Amino acid sequence: MPRIFPRILFFIMAFALMNSVFAQQSVAKHEFNVGFSYMTDFNMGGSGFTVGYAERAKPWFQVALEFDANFNLAGTTFDNYSTLGGPRFSLPGKRISPFVQVMAGASHFRAFGRTGSEFSMKYGGGVDVQLKHNLLARLELGDLVIWNPTTHYLQLNTGLVFRF
């Protein structure tokens, strides 16, 4: 038990120091992103768009919402629409900020004359690269998991982020 106390104290001090370093950075509280989306299960793929909003609670933590639409997967009439939300953890930098995220929500699909909605999750990460003061470029890669039956889709999103 006595060996654990110095480790706990070290982590508390490191976290406090990390918080004070991040507190010196001026980071916008809100962000809006829009861009291109590509989704594939390695047999079929389709493109579409992504739109999102995030609110920053801490310089390293955001709550994000995202809507993705992908159309004509493999040239068929299979379309997928996903509405997801969840935490995003980032490592703020002056020019480059990597992030990881886990989102949950619902996916609605239209395929071959049928429609349906299922619970879905997306986990992954990406990187934001600053172009101008409040304008960034985003590259994001995630695994979109749709239940019943469980299906994994690789989703690549790229676009612009506007911070305000």
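1. A salt bridge here means a side-chain nitrogen of Lys or Arg within 4 Å of a carboxyl oxygen of Asp or Glu. One such pair is Arg163 with Asp128, at 3.7 Å from N to O. The two are 35 residues apart, with Arg163 in strand β8 and Asp128 in strand β6 (residues 114–132).

2. Before going on: this is a predicted model, where local features need pLDDT of at least 70 and side-chain atom pairs count only at pLDDT 80 or more, while totals for chains, interfaces and linings use all residues. Residues are numbered from 1 along each chain as its sequence is written, and side-chain values use heavy atoms, with hydrogens and water left out.

3. Now the fold. The chain has one helix and eight strands (DSSP runs, H or I of at least four residues for helices and E of at least two for strands, numbered from the N terminus). The eight strands close into an antiparallel barrel, in the order β1-β2-β3-β4-β5-β6-β7-β8; two strands pair if DSSP finds at least two bridges between them.

4. Back to the charges. Glu31 also meets Arg163 in a salt bridge, 3.2 Å from N to O. This pair links strand β1 to strand β8, 132 residues apart.

5. Glu31 has another partner in Arg56, with the closest N and O atoms 3.7 Å apart. Glu31 sits in strand β1 (residues 30–40) and Arg56 in strand β2 (residues 45–58), so the pair ties together parts 25 residues apart in sequence.

6. Are these side chains buried or exposed? Glu31 and Arg163 are both buried, meaning under 20% relative accessible area with a 1.4 Å probe, protein chains only (exposed is over 50%, partly exposed in between). Asp128 is buried too.
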